[in-house]
Amino acid sequence: MWSRHLSHNFCRIAFLAVLVCLCSCEANFLGPDSREIAGGYRLKRVGDPNQFALTIPNESGGLIIDEIGWRKPFIVARASGSEYWDVINTARAQHTRVSDLQRKSDPVYQSIQIEAAELAWRNLNRHKRLW
């Protein structure tokens, strides 16, 4: 009888320990698929499988993008149908908007490789941020 009571208590404790571990980790098992770039900025799959959003730290929604690139500390992305680029300095949490001409003429932005959001998604690690 005593061993049955001990076994029952052990199962309760083990269940609670597993529950606490799952709730405290950063993985979002039930939510939408997203991958961190850096500093809490994430690329998130939204709507149809080929549509992606760039989300800011601690937010669930974001800018639907077609193209993106990054190089520490910058993330550069273009919203669907936009002629402007959103530039995020992750070190300072600064957001600016530049024209395509400005992006191509600025030596810092020129050095950032731009790719389709879907390709960027595949290149990001699900469990590790870039910087």
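Aspartate 100 and lysine 104 lie four residues apart in helix α2, so about one helical turn separates them. In this predicted model, their side chains meet in a salt bridge, with 3.1 Å from N to O. Lysine 104 is partly exposed, because its relative accessibility is 46%, which falls between the limits of 20% and 50%.

Aspartate 100 has another partner in helix α2. A salt bridge joins this aspartate to arginine 103, and here the closest N and O atoms are 3.8 Å apart. The spacing along the helix, which covers residues 100-105, again helps to place the pair: arginine 103 and aspartate 100 are three residues apart and therefore separated by about one helical turn. Arginine 103 has a relative accessible area of 11%, so this residue counts as buried, the cut-off being under 20%.

Turning to another part of the chain, glutamate 36 pairs with arginine 42 in a salt bridge whose closest N and O atoms are 3.5 Å apart. The two partners can be described by their accessibility. Glutamate 36 is buried, because its relative accessibility is 12%, whereas arginine 42 reaches 24% and so counts as partly exposed. This pair belongs to a wider arrangement, as a network of salt bridges links Glu36, Arg42 and Arg129.

For the structure as a whole, the count of salt bridges comes to six. Among them are the contacts of aspartate 100 with lysine 104 and with arginine 103, as well as the pairing of glutamate 36 with arginine 42.

Note on methods:
Residues are numbered from 1 along each chain as its sequence is written. This is a predicted model: local features need pLDDT of at least 70, side-chain atom pairs count only at pLDDT 80 or more; totals for chains, interfaces and linings use all residues. Side-chain values use heavy atoms; hydrogens and water are left out. A salt bridge is a side-chain nitrogen of Lys or Arg within 4 Å of a carboxyl oxygen of Asp or Glu. Buried means under 20% relative accessible area, exposed over 50%, partly exposed in between (1.4 Å probe, protein chains only). Helices (H or I, at least four residues) and strands (E, at least two) are DSSP runs, numbered from the N terminus.
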